[in-house]
Amino acid sequence: MHASSRRFPAWSLLVRESRLAVLLLAVYVVCGLPAWADVVVNDVSQLNPIHVREVLTPTTIKQVVTAVKATSGPVSIGGGRFSMGGQTATDGAVQLDMRRMDRVVGFSREAKEITVEPGITWRRLQEYIDPYDLSVQIMQSYANFTVGGALSVNVHGRYVGQGPIVKSVKSIRLVLADGDVVTASPTENAELFYGAIGGYGGLGVIVEATLRLADNVPVERRSVVMPLSAYRSYFEKEVRRNPGVIFHNADLYPNGFDTVRATSYVRTDEPVTVLARLPAQGNGYAADRFVFNAVSEWPGGKWMR
Ligand SMILES: Cc1cc2nc3c(=O)[nH]c(=O)nc-3n(C[C@H](O)[C@H](O)[C@H](O)COP(=O)(O)OP(=O)(O)OC[C@H]3O[C@@H](n4cnc5c(N)ncnc54)[C@H](O)[C@@H]3O)c2cc1C
């Protein structure tokens, strides 16, 4: 058994490593760097970086068709990217960022219907229909998601008796994996319709949607606290069978989780007390964040709560 050692000046090590780097670069140039090496897509949480081949931002159905036809590998689709955990991109895929396909392409006040591209946000859709005194029939709690993203996860809201968003969709247009553009509705290509809504982009790219709208009516917020054991019969009697209730939610109080605050938004003829029809754009919510932080993170936060 013997030990040996070699000594050399530090600069020679540097030269050897530089040669290695040049060699690796040459290999990469000849063999081709993976094109997706540094194109990263992330969701709003910034916790799920995914390396995609490239990101395309189509503005027309034709561009979506061309992109799908030109790709033999995976295609992934992103809307507002509020779904977390890697649902909006796939490793090595061609990523379609749909946010620039965001136009209103048809609207009828009389029929109470609107046709939109999938990248439009609910907020922009609401701004469009509000002057006509119309309202979204079903949507989720926040308005900065895209219509395409909401349809693809089949979101639900707090609407009593309405179910998930699919019930408010008249039809969609879908680009399939072979580039075909099909219309799907409960009566036409129904399997594609029910598969794509709630299909997380797995069946094709939603490129258009026609949604039914509702009248925009004033509502009054009513809130009542009760034991959990009383909630079921309260819900059956006061909420489910009350056609005036438009939204409803119930919050359980920690730590016991045996007390409920039931909140209903009920149609009213009284004059409204909140005059703003839509919250102002660009609200930073800095004050809300400060208060949430204080009551959840600060010493004594629980006491303040
Ligand atoms: C704060 C918060 C509140 C929420 N509240 C609710 C709620 O009240 N009710 C509820 O049901 N959900 C709720 N969610 C979930 C939310 O509705 C979904 O995450 C919704 O998909 C977000 O829309 P997005 O535009 O960000 O879609 P993304 O997150 O970008 O995409 C969602 C899915 O749809 C696919 N997709 C996007 N666009 C298309 C397209 N054009 N064609 C085909 N597939 C597409 C994507 O590939 C992905 O699989 C909430 C989420 C957050 C973060």
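The legends below accompany several close-up views of one predicted model.

Residues are numbered from 1 along each chain as its sequence is written. Because the model is predicted, local features are described only at pLDDT of at least 70 and side-chain atom pairs count only at pLDDT 80 or more, whereas totals for chains, interfaces and linings use all residues.

**View 1. The shell around the ligand.** The ligand is surrounded by 29 residues, of which Gly-79, Gly-80, Gly-148, Gly-149 and Ser-152 come nearest; a residue is near a molecule or strand if its C-beta atom, placed from the backbone, lies within 6 Å of it. Strand S4 (75-78), helix H4 (147-153) and strand S11 (205-215) each supply at least two residues of this shell, and H4 gives the largest share, with 5 residues. Helices (H or I, at least four residues) and strands (E, at least two) are DSSP runs, numbered from the N terminus. By residue class the shell divides into 12 nonpolar, 16 polar and 1 charged, where Ala, Val, Leu, Ile, Met, Phe, Trp, Tyr, Cys and Pro count as nonpolar, Asp, Glu, Lys and Arg as charged, and the others, Gly among them, as polar. The shell lies between domain 1 (40-98) and domain 2 (100-215), because both give residues to it; the domain bounds come from an automatic or database domain assignment.

**View 2. The nonpolar core between the two domains.** The largest nonpolar core has 45 residues, and those with the most contacts inside it are Leu-151, Ile-172, Leu-174 and Val-205. S11 gives the most to this core, with 6 residues. Since domain 1 (40-98) and domain 2 (100-215) both give residues to this core, it lies between them. A nonpolar core is a set of buried Ala, Val, Leu, Ile, Met, Phe, Trp, Tyr and Cys residues joined through C-beta atoms within 7 Å. A residue is buried if 20 or more other C-beta atoms lie within 10 Å of its own, exposed if 12 or fewer, and partly exposed in between, with C-beta atoms placed from the backbone.

**View 3. A parallel sheet and the loop that follows S4.** An open sheet is formed by 3 strands in the order S3-S5-S4, with parallel pairing. Its edge strands are strand S3 (54-56) and S4, each of which pairs on one side only. From one strand to the next the twist averages 25 degrees; axes are lines fitted to C-alpha atoms, for helices over the stretch in contact, and angles run from 0 to 180 degrees between N-to-C directions. S4 and strand S5 (residues 94-97) pair in the parallel sense over 4 bridges, and the bridge partner of Ser-76 in S5 is Gln-95; two strands pair if DSSP finds at least two bridges between them. In the loop between S4 and S5 lies Arg-81, whose phi is near 65 degrees, a positive value in a residue other than glycine. Arg-81 is buried, because 20 other C-beta atoms lie within 10 Å.

**View 4. Two antiparallel hairpins.** Strand S6 (residues 104-108) and strand S7 (residues 113-116) pair in the antiparallel sense over 4 bridges, with Val-116 in S7 as the bridge partner of Val-104. The hairpin of S6 and S7 has 4 residues between the strands, and Lys-112 in the turn has a positive phi of about 55 degrees. Strand S9 (residues 169-175) and strand S10 (residues 181-184) also pair in the antiparallel sense over 4 bridges, and the bridge partner of Arg-173 in S10 is Thr-183. The hairpin of S9 and S10 has 5 residues between the strands, and Gly-179 in this hairpin takes a positive phi near 90 degrees.

**View 5. The loop between S13 and S14.** Most residues other than glycine have a negative phi, and most peptide bonds are trans. Pro-254 and Asn-255 are joined by a cis peptide bond, with omega about 0 degrees, and Asn-255 is found in the loop between strand S13 (245-252) and strand S14 (259-267). Phe-257, also placed in the loop between S13 and S14, has a positive phi of about 55 degrees although it is not a glycine. Phe-257 counts as exposed because 9 other C-beta atoms lie within 10 Å.

**View 6. Phe-145, ahead of H4.** Phe-145 is placed in the loop between strand S8 (134-136) and H4, and it counts as buried because it has 21 C-beta neighbours inside 10 Å. The C-alpha atoms of Phe-145 and Ser-83 are separated by 9.4 Å, although the two residues are 62 residues apart along the chain.
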